[in-house]
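Dear colleague,

Here is the structure I promised to pass on. Please look through it first, and then read my notes below.

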Amino acid sequence: MSRSAFLSIVAFASIASTLATAQQERTPKAAAKVVQDALQALGGDKFLAMQDRVEEGRFYAFYRENLSGMSRAKVYTRYLLAPEPMKPNFFGIRERRAFGKKNEDYFVVYNELGGYEITYKGAKPLDKPVFDTYQETLFHNVLYTFRMRLKEPGLTFDPAGVDIVENQPCNVVDIVDSDNRVTKVWFHQSTKLPMKQYWDRRDPKTRDRIEEVTIFDKYRDIGGGVMWPFVIRRERNGERNFEMFADSISINQGLTDELFTLSSDVKMIESKGSNIRPGKK
């Protein structure tokens with residue numbers, strides 16, 4: 001037997017032994033510990049205290065695995081103060097996605113009132129189905145859940161076994177909220193960080209099932225021990241549809257409302273499919 005074949009067998013046996021041990025710990029208590037360990041790996045109290053974040057890098061869009069668009073982008077995110085006690089489905093984020101190398105001449109804004117896109121022509125409210133999809137995707141996002149939803153009433157963590165992702169052993173947990181949203185998350189057994197998430201939904205028109213997968217990779221410290229992925233890939237029904245490669249990420253930059261609301265002099269453009277009326281300053 002060759003040395004490489006022997007090492008492969010040893011590595012496989014080691015992973016199999018790790019998985020077998022983890023398989024015996026399929027209890028809610030074990031799942032809660034996986035979640036708590038992941039929170040600590042992400043930065044613990046520093047992660048929970050993150051007020052805002054600025055990510056700059058490259059966005060790629062794909063259609064049927066073929067590149068359909070690419071752009072430099074800068075994403076500004078601000079977390080809102082959560083109510084006490086916490087309410088289910090609290091929309092606790094404001095986000096601005098700006099595109100273009102220098103002038104950020106096109107951007108999309110999401111806030112608790114809705115969403116709109118802004119160009120040199122003016123601001124157009126996003127169609128309601130577009131904003132609804134954004135919000136539903138947000139509520140399934142494990143990183144948003146860890147930052148904003150952990151105190152939400154009715155949120156539970158159910159063990160879902162163990163699995164291999166990118167040749168790495170992972171503990172799998174189902175995160176379930178009070179509306180029975182289920183997000184399956186794979187946590188690396190060594191780093192404890194979330195590597196992958198899965199959820200599914202129904203197409204509102206055809207009622208066909210749509211499977212949504214997100215891969216998180218290349219975590220780095222973005223300030224004070226807070227860890228964040230510099231590479232994010234999304235797949236829909238098994239086909240890649242989005243990738244983001246960040247060049248720089250920073251937190252707690254003191255972002256203000258001006259980035260996420262419309263100024264009074266912005267021209268509004270009607271959108272036929274929208275009943276969203278974002279607030280103005």
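**Helix H2 and what surrounds it**

Helix H2 is followed by Gly43, whose phi is positive, near 130°; helices here are DSSP runs of H or I with at least four residues, numbered from the N terminus. Please bear in mind that this is a predicted model, in which local features need pLDDT of at least 70 and side-chain atom pairs count only at pLDDT 80 or more, while totals for chains, interfaces and linings use all residues. Residues are numbered from 1 along each chain as its sequence is written, and side-chain values use heavy atoms, with hydrogens and water left out.

H2 covers residues 28-42, and its end C-alpha atoms are 21 Å apart, which agrees with the 21 Å that its 15 residues should span at 1.5 Å a residue (the expected span is 1.5 Å times one less than the number of residues). Within H2, Ala30, Ala31, Val34, Val35, Ala38, Leu39 and Leu42 are buried, meaning under 20% relative accessible area with a 1.4 Å probe, protein chains only. An α-helix has 3.6 residues a turn, so residues three or four places apart point the same way.

The largest nonpolar core (buried Ala, Val, Leu, Ile, Met, Phe, Trp, Tyr and Cys residues joined through side-chain atoms within 4.5 Å) has 50 residues, of which Phe47, Val142, Phe146, Val173, Ile175, Phe187 and Trp228 touch the most other members. H2 gives this core its largest share, six residues. Apart from it lies another core, of 11 residues, among them Ala98, Val109, Tyr116 and Leu255.

With best wishes

Conventions:
Helices (H or I, at least four residues) and strands (E, at least two) are DSSP runs, numbered from the N terminus.
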